[in-house]
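Student: I've got a two-chain model open and I'd like to talk it through. Can we start with how the chains meet and then move on to the helices?

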Amino acid sequence: MDWGTFIQYGLGRWLHIGSGVMWVGMLYYFNFVQVAALKAAAADGTAAGITKHVAPRALLFFRWSAVATWVFGAMLLGGSFLGALLLRERALVPIGVGAWLGTIMLFNVWVLIWPNQKKILGMSPATDEEKNKARRVAFLASRTNTMLSIPMLFFMVASHGVFNRATFFF
Amino acid sequence: MKNPLDSLWGTVISGVILTAVFFVLVRNIVGG
């Protein structure tokens with residue numbers, strides 16, 4: 001194996017999966033833990049502990065691991081990148097669907113979740129009304145990503161060998 | 001109708017249904 005192959009497929013896959021674990025791990029933390037925890041904390045006046053000290057740190061790793069996951073995924077696809085995203089070749093359709101789901105999720109992180117979380121957490125100026133709207137948009141985008149992560153993981157990880165012609169070379 | 005994404009179970013079940021839909025679509029395209 002030459003160095004180029006090792007970096008693209010060895011390091012690329014390792015870093016893609018590692019950053020993906022971080023991204024989806026943070027996403028599941030927000031959805032399975034933090035939403036319910038914030039509700040309970042708001043009731044006893046301790047929400048600031050989460051919104052001040054936990055959420056900004058979690059969001060930092062969340063949004064940048066999303067970028068890293070996508071970049072290493074693109075690196076892993078290499079010359080098959082366009083073929084996968086355009087669903088041009090049969091063998092690339094399963095991973096192409098996974099790549100599309102991941103791309104939509106990345107869009108949701110940077111365009112819908114992060115700008116609205118900044119308003120909610122007071123990192124960018126917003127009126128109470130804007131904050132309420134931001135809360136709903138960020139919540140639904142986050143829940144959408146949780147929903148999309150299920151088929152995304154299937155097509156990224158579990159579909160190898162499931163479809164007859166989906167033989168991968170990477 | 002209530003938005004299924006408002007509940008955690010609704011979100012997970014929607015994800016599983018979406019997986020099944022994509023699975024059938026992709027199987028029809030690639031065969032298998």
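Student: How many residue pairs are in polar contact between chain B and chain A?

Tutor: Keep in mind that this is a predicted model, and that both residues of a pair need pLDDT 80 or more to count here. By class, the side of chain B that touches chain A has ten nonpolar, eight polar and two charged residues. Between chain B and chain A, the polar contacts come to four residue pairs.

Student: Which residue of chain A forms a salt bridge with D6(B)?

Tutor: Over all chains, the structure holds one salt bridge. The pair crosses between chains, starting from D6(B) in the segment before α1 (8-30) of chain B and ending in helix α5 (residues 128-158) of chain A. The closest N and O atoms are 2.8 Å apart, and the partner of D6(B) is R136(A).

Student: What area do chain B and chain A bury between them?

Tutor: Look at the contacts first: 20 residues of chain B touch 23 residues of chain A. In chain B, the residues losing the most area to chain A are L5(B), L8(B) and V30(B), together 30% of what that side buries. Carbon and sulfur atoms carry 76% of the buried area, and the total is about 1,900 Å².

Student: How many helices are there in chain A?

Tutor: Walk from the N terminus and the elements run α-α-α-α-α. The C-alpha trace of chain A spans about 55 × 30 × 25 Å along its principal axes. Strands number zero in chain A, and the helices number five.

Student: Where is the kink in α2(A)?

Tutor: Helix α2 covers residues 47-77 of chain A, and its 31 residues reach 42 Å from first C-alpha to last, close to the 45 Å expected. Past its end comes G78(A), with a positive phi near 55 degrees. The kink is about 40 degrees and comes shortly before the proline P56(A), at V54(A).

Student: Why should α4(A) span 40 Å, and how far apart are its end C-alpha atoms?

Tutor: Helix α4 of chain A (residues 93-120) has 28 residues, so at 1.5 Å a residue it should span 40 Å. There's a bend of about 35 degrees at V109(A) in α4(A), and just after the helix G122(A) takes a positive phi of about 80 degrees. The end-to-end value agrees with the expected span: 38 Å.

Student: Which proline follows the bend in α5(A) within four residues?

Tutor: The 31 residues of α5(A) should span 45 Å at 1.5 Å a residue, and the end C-alpha atoms are 44 Å apart, which agrees. Even so, α5(A) bends by about 30 degrees at S149(A), and the proline that follows is P151(A).

Methods
Residues are numbered from 1 along each chain as its sequence is written. Chains are lettered from A and ligands numbered from 1 in the order in which they are written. This is a predicted model: local features need pLDDT of at least 70, side-chain atom pairs count only at pLDDT 80 or more; totals for chains, interfaces and linings use all residues. Side-chain values use heavy atoms; hydrogens and water are left out. Helices (H or I, at least four residues) and strands (E, at least two) are DSSP runs, numbered from the N terminus. The expected span of a helix is 1.5 Å times one less than its number of residues. The bend at a residue is the angle between axes fitted to the seven residues ending there and the seven starting there. Contact means heavy atoms within 4.5 Å. Buried area is the accessible area (1.4 Å probe) that two parts lose on being put together, summed over both. A salt bridge is a side-chain nitrogen of Lys or Arg within 4 Å of a carboxyl oxygen of Asp or Glu. A polar contact is a pair of N or O atoms within 3.5 Å; within protein, one must be able to donate a hydrogen and the other to accept it, and residues adjacent in sequence count only if both atoms are side-chain atoms. Ala, Val, Leu, Ile, Met, Phe, Trp, Tyr, Cys and Pro count as nonpolar, Asp, Glu, Lys and Arg as charged, and the others, Gly among them, as polar.
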